Every structure is written in structure tokens, then in C-alpha cells.
Amino acid sequence: MKGTVYKSTGSWYSVKGEDGIFYQSRIKGKFRLQGIKSTNPVAVGDRVGFSVEEVDGVKTGVISEIEERDNFIVRKSVNLSKQTHIIASNIDVVFLVITLNNPPTSTSFIDRFLVTSRAYRIDTVLLFNKIETYNPDEFAEVKYLAELYRAIGYTCIGISAKEKKNIDQVYDLMKGKVCMFSGHSGVGKSTLVNTIEPSLHLKTKSISDQHKQGQHTTTFAEMYDLPDDIGIIDTPGIKGFGIVNMEPEEIGGYFPEFFERQSDCKFNNCMHKNEPKCAVKEALEEGEIAWSRYNSYLQMLEGDETHYRKNSYEQ
């Protein structure tokens, strides 16, 4: 039978079969030995082949095949840095939920996420949440960030999940699509999903004042079916986002404002660092490219994962 993985807990998977029934399933024993380097060989959103076994009147599934993925969001595993963790697969659009200071979301984190989603051909929408909490200066900073990312081609929406502001705009972008919500713990992902579909009753918690970090409320990624042919994937909060399987010379191609100027650089293989007549550096000096974006690029180029992860997002 064919089906789609709706929840992964590490060893058991909830699979919705073609018959519309959910089967608690596990991986076939030998299947684990196929050289999969990810900490989770099966991810939410995967289309799988499975058989059904019945023991004492209880039906369970045995997954024997993963169909080729259209795309997936992957990052370095938190505990095993040499391995990867697939957050979800076969996604039409990902909504990155961002908060200015409660908890803070850095441009470095945003840029790493955007590079990864672009590399795996997934449209990303930036949602600036909790706008009802910002004073005029903070609101101006959010507006600046939104304009920065909007100028390079990303859809940006200021929202209040708590007060239901602009949620209709988000919902319109979700229709007919498999959507993933991601971001740090505490940015309001579960609150947002509950606002979109109150019947889901996802657990939420307040921010820890001590660390200004969110407390993890979603332990595992899980997909839900909504009206209007929407699939919604709620994911655990992400602290760090190490990029995976990307050569240094590839990275600039996933910065849209760099890519469009690449052909104007003197050298075809320009890395936009110390080369003469670099169109990207010239645009940077003229204020056409944001320094925050360029600094993120240099950080990724240097592979400074340890510094990034240790100082930015580990509690």
C-alpha cells in the first residue's frame, strides 16, 4: 500500500494510507542499513510504500520503501553534527516565523534558512509575528527587515497570531499546498497554527523570561489536514541551523541579489571576497546589498558553524 507520513517519533511513524486510515508503522529491519546518513531516515511528508500486519486484532504498518522526494528541509543534527536531520519533505511552501526580540531571531538565522530552502527549491514566506507587542522603534526595525527581504524577492507579512491580524493573507497562500511552519521555539508557531485551525488545539507555552528563549512545546514534526486541500506541518523549534551538503562556491548562488550580479563580476568564479572588480562588493559599498546579508554569506563561506551555533542559539 502507498501512504504519506504524518508524524515521526523516531521509531514509530503515523502513516495515512490510500484508504484514508492512519497506521502506526515502523521501518523494516534491513531498511535501516541502506546507508542513510540522516538521524531520521523517514520524515514527515515522505510518500512511502508499506504493508499491513495484524497481530491480536491490531493492524500496524511496516515501511519498506520511500519514494523519491520532491524536496526537503535539512539541517545538521543538534546532537551528532556529522549527521543531518530532515525536518520535513515534499513541501510546497515554508513559513518562517520571526520575532524581533521575544525571542530574538537574527538575520544570520534567517539567511541560513533561506539559503537552505532555496537550495532545495522550496518557496519561503517570512512571517513577522507579535507585531502587536512592538513599540514604534521596534516596529520600524521590523518594517526595515521586511523591506530588505521583500526587495530581494521574498514575500513578507507582518502578523499577530494572538490578535489574528493578517492571518487571512497567510491562509490564502496556504490553499491547495503542503505548508511547513518553522522558526525558533517561542516565536508563536503553534499559536499561529491554532489561530488558523482552532480545532487542532496544539499546546503552547509562554516565553522563559530568564533566557528569552521559547520552551519546546512541539516535540516531533506532525502534519495535519485542513480544509481547502491544505496540509500543515508543525515543527519543533530550531535553535541553530547549520547548512548541509553545500560547497563554498555554491552558496552565493542562493543569495538572489548576489546571483543576479554574478555575471557582472570580472571573474566567472568570483567568491565576492577579495577579488578585483566584484559587482557584489561594489553593490555592497553603494548600499544596494545589505551588510547583514553579506556578513551572513561570509560566515557560511567560512563554515563557521561552531561559532554560530554556540553563541547564537544554544541555551
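A residue is called buried when its relative accessible area is under 20%, exposed when it is over 50%, and partly exposed in between. By that scale Lys175, with a relative accessible area of 41%, is partly exposed. Lys175 also takes part in a salt bridge with Asp172, with nitrogen and oxygen 3.4 Å apart. The structure described here is a predicted model.

**Salt bridges**

The count of salt bridges comes to 13. Three of them are set out below.

| Salt bridge | N to O distance |
|---|---|
| Glu67 and Arg47 | 3.7 Å |
| Arg47 and Asp70 | 3.2 Å |
| Lys175 and Asp172 | 3.4 Å |

Arg47 appears in the table with Glu67 and again with Asp70. Arg47 lies in strand β4, while Glu67 lies in the loop between β5 (58-66) and β6, so their salt bridge ties together parts that are 20 residues apart in sequence. Asp70 is in the loop between β5 and β6, and its pairing with Arg47 in strand β4 links parts of the chain 23 residues apart.

How accessible are these side chains? Glu67 has a relative accessibility of 26% and counts as partly exposed. Arg47, at 27%, counts as partly exposed, and Asp70 is partly exposed at 46%. A network of salt bridges links Lys2, Arg47, Glu65, Glu67 and Asp70.

A charge can also be placed over a ring. The charged end of Arg69 sits over the ring of Phe72, at 5.7 Å from the ring centre.

**Aromatic pairs**

A pair of aromatic rings is described by the distance of the centres and the angle of the planes. In this model the count of aromatic pairs comes to 10.

In one pair, the ring centres of Tyr23 and Phe50 are 5.5 Å apart and the planes are at 55°, so the pair is tilted. Tyr23 belongs to strand β3 (residues 22-27) and Phe50 to strand β4 (residues 47-55), so the pair ties together parts that are 27 residues apart in sequence. Tyr23 is buried, at 6% relative accessible area, and Phe50 is buried at 3%.

In another pair, the rings of Phe95 and Phe181 have centres 5.0 Å apart and planes at 15°, so this pair is stacked. Phe95 lies in strand β8 and Phe181 in strand β11 (residues 178-182); the pair links parts of the chain 86 residues apart. Both Phe95 and Phe181 are buried.

One aromatic cluster is formed by Phe255, Phe258, Trp291, Tyr294 and Tyr297.

**Nonpolar cores**

In soluble globular proteins, nonpolar side chains tend to be buried together. The largest nonpolar core of this model has 58 residues, and those with the most contacts inside the core are Leu126, Phe128, Tyr149, Met180 and Tyr297. Several elements each supply at least two residues of the core, including the strands β6 (72-76), β7 (84-89), β8 (93-98) and β9 (123-128), and the helices α1 (107-119), α2 (136-151), α7 (279-285) and α8 (291-301). Helix α1 gives the most, with six residues.

Which residues does Phe128 contact, leaving aside its neighbours within four places in sequence? Phe128 is in contact with Ile98, Val142, Leu145, Ala146, Cys156, Ile157, Gly158 and Ile159. Apart from the largest core lies another core, of 23 residues, among them Val125, Ile157, Tyr171 and Leu226.

Methods: Residues numbered from 1 in each chain as written. Predicted model: local features only at pLDDT ≥ 70, side-chain atom pairs only at ≥ 80, totals over all residues. Heavy atoms only, no water. Core = buried A, V, L, I, M, F, W, Y, C linked by side-chain atoms within 4.5 Å. Buried < 20%, exposed > 50% of the residue type's maximum accessible area, 1.4 Å probe, protein only. Helix = DSSP H or I, 4+ residues; strand = E, 2+ residues; numbered from the N terminus. Contact = heavy atoms within 4.5 Å. Phe/Tyr/Trp six-rings, centres within 6.5 Å; stacked < 30°, edge-to-face > 60°. Lys NZ or Arg CZ within 6 Å of the ring centre and 35° of its normal. Salt bridge = Lys/Arg side-chain N within 4 Å of Asp/Glu carboxyl O.
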